[in-house]
Each structure stands twice: as structure tokens, then as C-alpha cells.
Amino acid sequence: MGYNSCFDIIGPIMVGPSSSHTAGAVWIGRAAFELLGGSPEQVEIQLFDSFAETYQGHGTDKALLGGLLGYDTEDERIKLAYDLAEEANLTYTFTFEENCLEYEHPNVAILHAKLGTKKVVIGGASVGGGLSKIFRINDEKVDFTLSTHDDLDRIIQSASELVGQ
């Protein structure tokens, strides 16, 4: 399990309103940021099921963009993610799907991100309490739990060859 302390059960330190729709989403975007080595220039964000239905109401859109900009879950700049994405020349599109055939969970996002010649596809699900599961990196099925910088470091070490770093 991805919990590291009793405080993880209480909930993550985060910009709200929802650990599932905000903190978990930040981690999915942040994984793409780290694997690319910076903020992407372009990203297509596919949202599924609950993420697709509530993305703006729960801040999932801003959380994913914040993660793609390299922000942590508690970073207040997440609230300004649309403006800061524009300043960073990050172009994005959101598409909305009913169900993800790759991973069964209501809070799934698949990000197709590009920075220079590097491309990465990240499939992630926010599973609650600020935890995320990364289930896909490019064409490879993976199984990483993500809720800390240590988790992020393990993903980078294990998966950097998948994105040609």
C-alpha cells in the first residue's frame, strides 16, 4: 500500500477540494513532468468516468495542469494553473470518455505529453487519499503507487528507459 505514515490516512497536505480529484491528479501530471524532464509543450488529457464528469468542479483540470508544470500537491499556484500553463507555453486539450478500457476505476486520466523530441503517455488513476496508481507508461503496462517524492523517484529510476532518457 502507498501509505507511509498515519498522516497519510488523515489525508495529504494539498490544495483542495478533493484528495481524489485534486491531489491524486497532481501526482499523475507530475509523473509526466518528471519523465519528460520538464513541462511539456503539448499535452492531450483524456479524462474518464468521474474525472470526466467533475473535472472543473473538483479542480481535476487545474490539478493535472499543475502537476504538468511541476507543482506539488500543496502548491497554491495550482489555482492559477490555466494562466501559468499559458505563460509556460503549455498547450493542452481535454477530451472526455465514459469508461477506460485499460484500467477499471472511476478516476482515470491518460496524458499524451510532448517536450521537444520526447514523448510520454502516462495512464494514471487517482485511487483516494491522494494516492495515484500509474498503470501505463507509453505502451508498457506498469504498476506504481504514487503519493510521495520517493515514489516519484522510484518511477523515474524504473521507467526512464521507456521514454528514452
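How many aromatic pairs does the structure hold? The structure, a predicted model, holds 5 aromatic pairs. Two of them make a good way in.

Take Y55 and F94 first. A pair of aromatic rings is described by the distance of the centres and the angle of the planes. For Y55 and F94, the centres are 5.7 Å apart and the planes meet at 35 degrees, a tilted pair. The pair links distant parts of the chain. Y55 sits in the loop between α3 (49-54) and α4 (60-68). F94 belongs to strand β2 (residues 91-97), 39 residues apart from Y55. Are these two residues buried or exposed? Y55 has a relative accessibility of 18%, so this residue counts as buried. F94 has 17%, so this residue counts as buried too.

Now compare Y103 and F135. Their ring centres are 4.6 Å apart and their planes stand at 10 degrees, so this pair is stacked. Y103 lies in the loop between β2 and β3 (107-115), and F135 lies in strand β5 (residues 131-137). The pair therefore ties together parts that are 32 residues apart in sequence. The two partners are covered to unlike degrees. Y103 is partly exposed because its relative accessibility is 24%, and burial requires a value under 20%. F135 is buried, because its relative accessible area is 5%.

Y55 and F94 also belong to a cluster. Which residues form this aromatic cluster? They are Y55, Y82, Y92, F94 and F96.

Next, follow the strands. Strand β1 (residues 42-48) runs antiparallel to β3, and 7 bridges join the two. One bridge can be traced by eye: F48 has V108 in β3 as its partner. β3 also pairs with strand β4 (residues 118-128). These two run antiparallel as well, with 8 bridges between them. Along this pairing, A109 is bridged to G124 in β4, and A113 is bridged to V120 in β4. β3 and β4 form a hairpin with 2 residues between the strands. There, G116 takes a positive phi near 60 degrees.

The path goes on from β4 to β5. These strands pair in the antiparallel sense over 6 bridges. Look for A125, which stands opposite K133 in β5. β4 and β5 form a hairpin too, again with 2 residues between the strands. In its turn, G129 has a positive phi of about 65 degrees. How many residues of β4 are buried? The count is 8 of the 11, so β4 is largely enclosed by the rest of the structure.

Now turn to the interior. In soluble globular proteins, nonpolar side chains tend to be buried together. Here the largest nonpolar core has 40 residues. Those with the most contacts inside this core are I45, L47, L111, V120, I134 and I137. Which helix gives the most to this core? Helix α2 (residues 19-36) does, with 8 residues. L111 shows how such a residue is surrounded. Setting aside neighbours within four places in sequence, L111 is in contact with residues including I28, A32, I45, L64, L68 and V120. Another core lies apart from the largest one. This second core has 7 residues, among them F48, I110, A125 and F135. F135 is thus a familiar name: its ring is stacked with that of Y103, because the planes stand at 10 degrees.

Two helices complete the tour. α4 is mostly covered, with 8 of its 9 residues buried. Among the buried residues are T60, D61, L64 and L68. After α4 comes G70, whose phi is positive, near 90 degrees.

Helix α6 (residues 149-159) holds I155. Is I155 buried or exposed? I155 counts as buried because its relative accessibility is 1%. Leaving out neighbours within four places in sequence, I155 is in contact with I134, I137, F144, L146 and S160. I134 and I137 appeared above, among the residues with the most contacts inside the largest core. Finally, find V142, which is 13 residues from I155 along the chain. The C-alpha atoms of V142 and I155 are 9.6 Å apart.

Definitions and conventions:
Residues are numbered from 1 along each chain as its sequence is written. This is a predicted model: local features need pLDDT of at least 70, side-chain atom pairs count only at pLDDT 80 or more; totals for chains, interfaces and linings use all residues. Side-chain values use heavy atoms; hydrogens and water are left out. Rings of Phe, Tyr and Trp (its six-membered ring) pair if their centres lie within 6.5 Å; planes under 30 degrees apart count as stacked, over 60 as edge-to-face and the rest as tilted. Helices (H or I, at least four residues) and strands (E, at least two) are DSSP runs, numbered from the N terminus. Buried means under 20% relative accessible area, exposed over 50%, partly exposed in between (1.4 Å probe, protein chains only). Two strands pair if DSSP finds at least two bridges between them. Contact means heavy atoms within 4.5 Å. A nonpolar core is a set of buried Ala, Val, Leu, Ile, Met, Phe, Trp, Tyr and Cys residues joined through side-chain atoms within 4.5 Å.
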